[in-house]
Amino acid sequence: MSYRVLARKYRPRTFAEVIGQDHIMTALSRAIEKERLGQAYLLVGPRGVGKTSTARIIAKSLNCTTGPTVTPCLECHACKEIEVGADMDVVEIDGASNNGVDDVRAIRDRVHTRPLRDRSKVYIIDEVQRLSGPAFDALLKTLEEPPGHVIFLFATTDPHKIPDTITSRCQTFEFRRLREEDVFSKLQQVCELEKVSVDKDVLFAISSGCRGGLRDAESMLDQLLAVAEGEPTLDDLEMVAGLARPERWLDLFEAVERNDAPEILKSVEAFLSRGGTEHELVGQATDFIRDLLHLALLGEDSLGVQPAEDRRERMMNLARALGRDRMEALMGMLFTLESRIRQAPLAARALMEWTLLRAARLQELLGVGELMKSMESGQAPTSMNTVAPSAPAPAPPSAPAPPSAPAVPAPTSPPPAAEKEEAPSDSEPTITIESLLELACQRQPTLGQVLQARFLRGELTESGVEISIGELQERDVLMLEDPVTLKFLENLPGSPGPWKIQIEKPEIQEDPLGDQLRDLFGGREEVP
Ligand SMILES: [Zn+2]
C-alpha cells in the first residue's frame, strides 16, 4: 500500500468534518438543503484552511446518488471519484498552471454539454487569482449566463487580484485562520488514528507555529514522524520544520531585555544555522511577543497560549521585566522589520540583527509604562481588559498629554516617560521646534541632522509636534517611520506629545522649453 500524506489522508470529507469554519458550513448546508445554491462561489482565505476540501464537499453534496444532500454517503461512485479527483463531471483546475485564455476557452466550450453521469458539472478553480487578464475576460462570458447544470467554485488566497467583474458575480465566503486549540485537537485526533504517541509540548509547538494553517501543521507532523527515532521531540521538530522550540525565544528575548548584545547575535546565528530563514525568524518572534503580551494582559484567561508550567513562569517573568510599552514597541519593530526584509532581502540578516540590537536598547529610549508598575505591585490596571485578544495594537500608546497644556509648554512639564533626563539647565526656557531639533541632534546625531537639514516648517500644538520636511532618501524615510524614532522624539524633554512628520514631495520643475514645444506641436503631457 502506498503512503498517503496525513493532510490528504485526513482531509475533511463532509461539512461536519471541516473545523473552525462553522459560519461557512452552516450557510452552505442551508443553501443545499433548500436547493438554493448559487452558481458561482469565491472561497477566500489563507492556505491550508479547507477551501479546496470544501469545494469537493459541495461537489459531493450535489452529485451523491443520495443527493442533493448535506451528508453525502461517501460510498457511491460519485462520492468516491470526487474524493480522489477522478470524476468526469467535476473538473479541478490549478489556476497557477492553467492560467491562459485557451484553458478557460476549453472550459467555456464544454460548459454547455450536459454532465456525463452526475447531476451537476462542477468546476473548481484553485488559485483563481493567477488567471491572466484575457482568461478572466473569457471566464466572465461564461459567468454571465451559466447553464443551470453548472456551478463554479473559485478558491483564492488573494482576492484583491481578481477583477471586480468576476467577484461581483460570485458569492464570497471568507475562511478564517484556525485557532491553536482547534489545530491542536485535530493533531491529537490524527495521532490517535495513526496510533503514534507525540508529546503534548510538540503538538502545542506545531499548532502555534503553523499560524492557523491546518495543512501546514499536518505536514509538519508528517515530516516529524518520518525522521524521528522513537517518540518525536522538540529538537526533532526544530530540525525538520525550522520551527524553533519555545525556549529559544525565551533565550533571545531575555537577552534583548537585559541588552546582552553577544547573546542576541548568537541566538540569531543559532536559529539560522539550524536551517530557519530570516523570514521565519521574524514571524515566529512576532508570535512569541504576541503570546507574551497575551499572558501579561490576560493572565489565566489568555486564549490559545498554553505553555508548559516551567515555561509559563519564565514567560511571566520576562513579560514583567519588559513591560507593556516595550512589548508593544517590539511588535511594531518586528512588523517594520518584516516589510524591510521584503524590500531588501539580501540585507535580511543585517536588518534583523540591527533591529534586535536596537530593541535591546529600547529601555534607554522608552519610558516604562504604567503596566509594568502595576504588574510589579501585582495588580492589573482596569484598562488592560480592553485589549482585544486577537488584535494587540502594534503601535505603542502615546504618553498622556498634559492637561490643558499651553501652546508653548514650559520645560518643567515633560511627558512622564522622560523624567529621568531633565533638559540642560542652561538651555533657553522657551521650547521651540528649533530647540527640540537641536536637542534631537545632540542625542541622536544621525536623526537630528536629517531633520534639521530637511526641515521646512513646523508647529507646536497642545498635544504634539507637526513638522513638514523635504524629500528624503528611502532609508531616512524608514528611520523616521520607526516607532522607536517617534517615541524618542515624543519623549524629548519639552516635547508636548507625539510627532507627526509630513514628508513633502518635490514640486514639478518648471519647463519653459517643454511648454513651447508642446504648444508648437499640439502635444500633451504624459503623466507618469
Ligand atoms: Zn455518495
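In which loop is the place of E127? In this predicted model, E127 sits in the loop that runs between β3 (121–126) and α6 (133–144), and the close-ups below begin there.

**Figure 1. Close-up of E127 in the loop between β3 and α6.** The phi angle of E127 is near 50°, a positive value in a residue other than glycine. Most residues other than glycine have a negative phi. Because 22 C-beta neighbours lie inside 10 Å, and 20 or more are needed, E127 counts as buried.

**Figure 2. Close-up of K195 in the loop between α8 (180–194) and α9 (200–209).** K195 is not a glycine, although its phi is positive, at about 55°. Is K195 buried or exposed? With 6 C-beta neighbours inside 10 Å, and with 12 or fewer being the limit for this class, K195 counts as exposed.

**Figure 3. Close-up of the five-stranded open sheet, with the order β2-β3-β4-β1-β5.** The pairing in this sheet of 5 strands is parallel. Strands of a sheet pair through backbone hydrogen bonds. At the edges stand β2 (90–94) and β5 (171–174), each of which has a single partner strand, so that one side of each is left without a neighbour in the sheet. Direction ignored, neighbouring strands of this sheet are turned against each other by 15° on average. Strand β1 (residues 40–44) runs parallel to β5 and is joined to it by 4 bridges, and within the view V44 stands opposite E174 in β5.

**Figure 4. Close-up of the three-stranded open sheet, with the order β6-β7-β8 and mixed pairing.** The edge strands of this sheet are β6 (455–460) and β8 (499–503), each of which pairs on one side only. From one strand to the next, the twist averages 15°. Strand β7 (residues 465–469) runs antiparallel to β6, and 5 bridges join the two; the bridge partner of R457 in β7 is S468.

**Figure 5. Close-up of the packing of helix α10 (residues 214–227) with helix α11 (residues 234–241).** Two packed helices are described by the angle between their axes and the distance between the axes. The axes of α10 and α11 come within 9 Å and cross at roughly 115°, which makes α10 roughly perpendicular to α11. The crossing of these two helices is right-handed. On the side of α10 the contact is made by M220, Q223, L224 and V227, and on the side of α11 by D236, L237, V240 and A241. Sorted by class, the residues of the contact of α10 with α11 are 6 nonpolar, 1 polar and 1 charged.

**Figure 6. Close-up of the packing of α13 with helix α16 (residues 348–360).** The axes of α13 and α16 are 10 Å apart, and the helices pack at an angle of about 145°. In this pair, α13 passes α16 in a right-handed crossing. Residues A261, I264, L265 and V268 of α13 meet M352, E353, L356, L357 and A360 of α16 in the contact. How many nonpolar, polar and charged residues does the contact of α13 with α16 have? The contact of α13 with α16 has 8 nonpolar and 1 charged residues, with no polar residues.

**Figure 7. Close-up of G275 in the loop between α13 (261–273) and α14 (278–298).** With 12 other C-beta atoms within 10 Å, a count that still falls in the class of 12 or fewer, G275 is exposed. In space, G275 and G242 are 5.9 Å apart, C-alpha to C-alpha, although they are 33 residues apart in sequence.

**Figure 8. Close-up of helix α22 (residues 483–490), with the wider protein as context.** Why is α22 described as largely enclosed by the rest of the structure? The reason is that 8 of the 8 residues of α22 are buried, namely P483, V484, T485, L486, K487, F488, L489 and E490. In the protein of 528 residues, 38% of the residues count as buried. The protein has 23 helices and 8 strands, and among its contacts between residues at least 6 apart in sequence, 73% join residues at least 24 apart.

Terms used
Residues numbered from 1 in each chain as written. Predicted model: local features only at pLDDT ≥ 70, side-chain atom pairs only at ≥ 80, totals over all residues. Contact = placed C-beta atoms within 7 Å. Axes fitted to C-alpha atoms, helices over the stretch in contact; angles between N-to-C directions. Parallel < 35°, antiparallel > 145°, perpendicular 65-115°, else oblique. Left-handed = near helix turned anticlockwise from the far one by under 90°. Nonpolar A, V, L, I, M, F, W, Y, C, P; charged D, E, K, R; others polar. Pairing = 2+ DSSP bridges.
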